[in-house]
Amino acid sequence: MKYGIIGYSGRMGQAIEELFAEAGHQLVYKKDEKTTKEIEKPELIIDFSLKEAFAETVAIVKAKEVPLIIGTTGLEAADFAKLKELAAEVAVIQSFNFSIGINILSELIQKVNNYLDQDWDIEISETHHRFKKDKPSGTAIMLSELLDQNPEMHSKRLGSEFGEHEIDFASTGELLTLKHRAYSREAFSKGVLISAQKIINMEPGFYKFSQILK
Ligand SMILES: NC(=O)C1=CN([C@@H]2O[C@H](COP(=O)(O)OP(=O)(O)OC[C@H]3O[C@@H](n4cnc5c(N)ncnc54)[C@H](OP(=O)(O)O)[C@@H]3O)[C@@H](O)[C@H]2O)C=CC1
Ligand SMILES: O=C(O)C1=N[C@H](C(=O)O)C[C@H](O)C1
């Protein structure tokens, strides 16, 4: 397939380009903060950039009328409303975490949530590399939204950590811990590749990555 990346020289942009090249796909549209290179019209656009790029990403996808996969974090309710509006015209797949493990963890958290009453403390801790700009991580926010209670959030920015999320559930008598750790950015780019292979043939609509995996 011929695809485009917004945020192509970033850490995720590079990881996606590497995996997609191994799978035989061709990067024909590249956009960063200050540069745009278009060799050909892409069949889909992938956005792993920063929240500041969001309005322009929506405008580009609208103009090109191609599907969008978006993993950029820091998006808020108003941004999601815009994505859903865009999804009336093209297919949009969104997730704050494209790893398979975090999507399994999400299902486990929903299961645990069914057993909890107010007697349980819930804390989410996340650790990422020192260059990460947003805090708490998009994943921590996404996981917290699966719970009836508002959990405490803790963030660390340390060295080269690709992404670690831990969720602790404790009552006065016991502690349950669920944890996920990415070993590399391939954990995320693999999910983007699965999404790209499917989105090409999908009808317009807003889809979470968890729906694509099922
Ligand atoms: N959903 C998921 O599974 C995952 C999501 N992420 C998220 O992906 C995003 C990117 O992460 P990462 O690659 O580490 O970040 P980087 O800082 O390494 O890369 C950001 C990229 O976005 C570009 N950019 C910045 N501002 C704009 C703009 N206004 N318009 C167009 N492009 C812009 C940068 O271009 P330039 O260099 O020219 O400034 C750069 O290429 C983050 O939001 C991160 O949280 C990360 C991993 C997994
Ligand atoms: O910026 C990162 O690196 C990551 N960002 C996402 C997030 O904010 O949750 C996903 C992953 O943990 C890596």
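**Figure 1. The start of the chain in the predicted model, with Met1 placed in the segment before E1.** The coordinates shown here and in the views below belong to a predicted model. Because 15 other C-beta atoms lie within 10 Å, Met1 is classed as partly exposed. Leaving aside neighbours within four places in sequence, Met1 is in contact with His25, Glu43, Ala196 and Ile200. The C-alpha atom of Met1 is separated by 8.6 Å from that of Leu27, a residue 26 places apart from Met1 along the chain.

**Figure 2. The two annotated domains of the chain, as UniProt lists them in an unreviewed entry.** The annotation "domain: Dihydrodipicolinate reductase N-terminal" covers residues 1-98 in that UniProt entry, and over this span the chain is 34% helix and 26% strand, with end C-alpha atoms 20 Å apart. For residues 101-213, the UniProt record gives "domain: Dihydrodipicolinate reductase C-terminal"; this second span is 35% helix and 28% strand, and its end C-alpha atoms lie 11 Å apart.

**Figure 3. The shell of 27 residues around ligand 1.** Gly7, Gly10, Ser49, Ala53 and Gly71 are the residues of this shell that come nearest to the ligand. Helix H1, which spans residues 11-22, gives the most to the shell, with three residues. Sorted by class, the shell around ligand 1 holds eight nonpolar, eleven polar and eight charged residues.

**Figure 4. Lys31, a residue covered by a UniProt "binding site" annotation in an unreviewed entry.** Lys31 has its place in strand E2, which comprises residues 26-31. Is Lys31 buried or exposed? Lys31 counts as buried, because it has 23 C-beta neighbours inside 10 Å, where 20 or more are required. Not counting residues up to four places away in sequence, Lys31 touches Ile6, Tyr8 and Thr36.

**Figure 5. The largest nonpolar core, made up of 32 residues.** Ile16, Leu44, Ile45, Ile46, Ile69 and Val92 are the members that touch the most other members of this core. Two or more residues each come from strand E1 (2-6), H1, strand E4 (44-47), helix H2 (54-64), strand E5 (68-70), strand E6 (91-94) and helix H6 (186-199), and of these H6 gives the most, with five residues. Apart from this core lies another, of six residues, among them Ile122, Ala140, Leu143 and Phe169. In soluble globular proteins, nonpolar side chains tend to be buried together.

**Figure 6. Surroundings of Leu44 and Ile45, two residues of the largest nonpolar core.** With residues up to four places away in sequence not counted, Leu44 touches Tyr3, Val66, Pro67, Ile69, Ala196, Ile199 and Ile200. Ile45 lies in strand E4 and counts as buried, because it has 21 C-beta neighbours inside 10 Å. The contacts of Ile45, leaving aside its neighbours within four places in sequence, are Gly4, Ile6, Tyr29, Ile60, Val61, Lys64, Val66 and Leu68. One of these residues, Ile60, is 15 residues apart from Ile45 along the chain, and the C-alpha atoms of the two are separated by 9.0 Å.

**Figure 7. Strand E9 (residues 164-170), with side chains that alternate between two faces.** His165, Ile167 and Phe169 point to one face and are buried, whereas Glu164, Glu166, Asp168 and Ala170 point to the other and are not. Strand E7, residues 121-128, runs antiparallel to E9 and is joined to it by seven bridges; Ser125 has Glu166 as its bridge partner in E9. Seven bridges also join E9 to strand E10 (residues 175-181), again in an antiparallel arrangement, and here Ile167 stands opposite Leu178 of E10. E9 and E10 form a hairpin, with four residues between them.

**Figure 8. Two backbone features, at Glu65 and at the bond between Lys135 and Pro136.** Most residues other than glycine have a negative phi, and most peptide bonds are trans. Glu65, found in the loop between H2 and E5, has a positive phi, near 55°. Glu65 counts as exposed, because it has 10 C-beta neighbours inside 10 Å. The peptide bond that joins Lys135 and Pro136 is cis, with omega about -5°, and Pro136 has its place in the loop between E7 and helix H5 (138-144).

How values were computed:
Residues are numbered from 1 along each chain as its sequence is written. Chains are lettered from A and ligands numbered from 1 in the order in which they are written. This is a predicted model: local features need pLDDT of at least 70, side-chain atom pairs count only at pLDDT 80 or more; totals for chains, interfaces and linings use all residues. A residue is near a molecule or strand if its C-beta atom, placed from the backbone, lies within 6 Å of it. Ala, Val, Leu, Ile, Met, Phe, Trp, Tyr, Cys and Pro count as nonpolar, Asp, Glu, Lys and Arg as charged, and the others, Gly among them, as polar. UniProt positions are given in the numbering used here, feature names are shortened, and annotations may be inferred rather than shown by experiment. A residue is buried if 20 or more other C-beta atoms lie within 10 Å of its own, exposed if 12 or fewer, and partly exposed in between; C-beta atoms are placed from the backbone. Two strands pair if DSSP finds at least two bridges between them. Two residues are in contact if their C-beta atoms, placed from the backbone, lie within 7 Å. A nonpolar core is a set of buried Ala, Val, Leu, Ile, Met, Phe, Trp, Tyr and Cys residues joined through C-beta atoms within 7 Å.
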